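Visitor: Could you take me on a close look at a single part of this molecule? I am in my first year, so please go step by step.

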Amino acid sequence: LEELSSDPEVPVRDIPEQLRLPDWDQQDLPELPELPPLDDAGVEKVVVIVDEKIGRKKPERSGMIYHLRRMGGKLQFVPGKDDKAKIIVKVRTRCYFVKLQTFFSAPIANIFQGEARAQFYERNSAGKLVLRKTTTVKIPFSSSVQRSKEVALQYTYYITLETIAARISRWGWMKQRGSRSLPMPNTR
């Protein structure tokens with residue numbers, strides 16, 4: 001990703017409003033904002049199992065299901081376990097600080113990385129889960145040393161979620177059920 005502000009002479013910019021985490025990140029809201037309800041006829045239920053870390057902590061509220069629901073189609077994404085679910089998407093994300101970049105010992109930028117792996121499982125007629133598809137992403141991100149690491153980690157998490165949801169929206173199984181391809185975030 002392009003550095004937001006790597007030159008110490010350039011004043012630190014805030015993350016633009018459209019890039020801020022959406023309302024699901026606010027603590028005083030219910031679990032997840034619901035998108036308009038779908039007609040249950042012909043809707044496939046997809047159980048989403050997430051394992052996420054921002055730095056060393058789990059996010060207070062995951063945004064994965066929120067991002068997946070944006071693709072629409074005859075799909076219903078719900079959190080859950082893989083007990084008896086027919087279709088399962090497992091997503092693992094890690095967003096972390098990598099290193100401080102310096103130039104002749106002067107700090108220039110903090111380097112972060114977002115990583116995600118999504119796996120698509122389908123239960124066969126014998127009741128066994130079969131892995132059908134895997135997608136992985138790695139997103140490096142640099143931010144001015146004047147920006148707090150916490151803000152940069154949140155941004156890295158947001159872009160990682162957007163990217164993995166966009167990749168999942170392009171899977172053939174999703175497309176067959178009317179999902180639209182989510183736009184890939186601008187990584188430049």
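Guide: Happy to! Let us begin at one spot: Ala118 stands opposite Thr135 in strand 5. Please keep in mind as we go that this is a predicted model. The part I would like to walk you along is strand 4, which covers residues 106-123.

A quick map helps here. The chain contains three helices and five strands. Starting from the N terminus, the order of these elements is β-α-β-β-β-β-α-α. The five strands come together in an open sheet, ordered 2-1-3-4-5, with mixed pairing. Strand 2 and strand 5 are the edge strands, each pairing on one side only. From one strand to the next, the twist averages 25°. In the sheet order, strand 4 sits between strand 3 and strand 5, and we can visit these two partners in turn.

Take strand 3 to begin with. Strand 3 and strand 4 run antiparallel, and 16 bridges join them. To find one of these on your screen, look for Thr93, whose bridge partner in strand 4 is Ala116. The two strands form a hairpin with two residues between them. Phe104 lies in this loop, and Ser105 lies in the loop between strand 3 and strand 4 as well. Phe104 is not a glycine, yet its phi is positive, at about 50°. Ser105 is also a residue other than glycine with a positive phi, in its case near 70°. What about their surroundings? Phe104 has a relative accessible area of 73%, over the 50% cut-off, so it counts as exposed. Ser105 is exposed too, with a relative accessible area of 70%.

Now turn to strand 5. Here 15 bridges join strand 4 to strand 5, and these strands run antiparallel. A pair to look for is Arg117 and its bridge partner in strand 5, Thr136. Strand 4 and strand 5 also form a hairpin, this one with five residues between the strands. In its turn, Gly127 has a positive phi of about 85°.

With a partner on either hand, is strand 4 enclosed or open? Of its 18 residues, 14 are buried, so strand 4 is largely enclosed by the rest of the structure. For the chain as a whole, 40% of the 188 residues count as buried.

Let us zoom in on one buried residue of strand 4, Phe112. Its relative accessibility is 1%, which is under 20%, so Phe112 counts as buried. There are six aromatic pairs in the model. In one of them, the ring centres of Phe97 and Phe112 are 5.6 Å apart and the planes meet at 70°, so this pair is edge-to-face. Because Phe97 belongs to strand 3 and Phe112 to strand 4, the pair ties together parts 15 residues apart in sequence. Phe97 itself is partly exposed, with a relative accessibility of 30%.

Phe112 also forms an aromatic pair with Phe141. This one is tilted: the centres are 6.3 Å apart, with 35° between the planes. Phe141 lies in strand 5, 29 residues away from Phe112, so the pair links distant parts of the chain. Both Phe112 and Phe141 are buried. Together with Tyr155, the residues Phe97, Phe112 and Phe141 form one aromatic cluster.

Next comes the nonpolar core. The largest one has 35 residues, and Phe77, Ile168 and Met174 have the most contacts inside it. Strand 4 is among the elements giving two or more residues to this core, and so are strand 3, strand 5 and helix 2. Helix 2 gives the most, with 11 residues. This brings us back to where we began: beyond its neighbours within four places in sequence, Ile168 is in contact with several residues, including Ala118, Val89, Val91 and Met174. Another core, of five residues, lies apart from the largest one; Val47, Val78, Ala85 and Ile88 are among its members.

One last view takes in the whole chain. Among contacts with a separation of 6 or more, 71% are between residues 24 or more positions apart. The chain exposes about 10900 Å², and carbon and sulfur atoms supply 49% of that area. To retrace our path, start at Ala118 opposite Thr135, move along to Phe112 and its aromatic cluster, and finish at the exposed Phe104.

Key
Residues are numbered from 1 along each chain as its sequence is written. This is a predicted model: local features need pLDDT of at least 70, side-chain atom pairs count only at pLDDT 80 or more; totals for chains, interfaces and linings use all residues. Side-chain values use heavy atoms; hydrogens and water are left out. A nonpolar core is a set of buried Ala, Val, Leu, Ile, Met, Phe, Trp, Tyr and Cys residues joined through side-chain atoms within 4.5 Å. Buried means under 20% relative accessible area, exposed over 50%, partly exposed in between (1.4 Å probe, protein chains only). Helices (H or I, at least four residues) and strands (E, at least two) are DSSP runs, numbered from the N terminus. Contact means heavy atoms within 4.5 Å. Two strands pair if DSSP finds at least two bridges between them. Axes are lines fitted to C-alpha atoms, for helices over the stretch in contact, and angles run from 0 to 180 degrees between N-to-C directions. Accessible areas come from the Shrake-Rupley method with a 1.4 Å probe; for residues, only the protein chains shown count as cover. Rings of Phe, Tyr and Trp (its six-membered ring) pair if their centres lie within 6.5 Å; planes under 30 degrees apart count as stacked, over 60 as edge-to-face and the rest as tilted.
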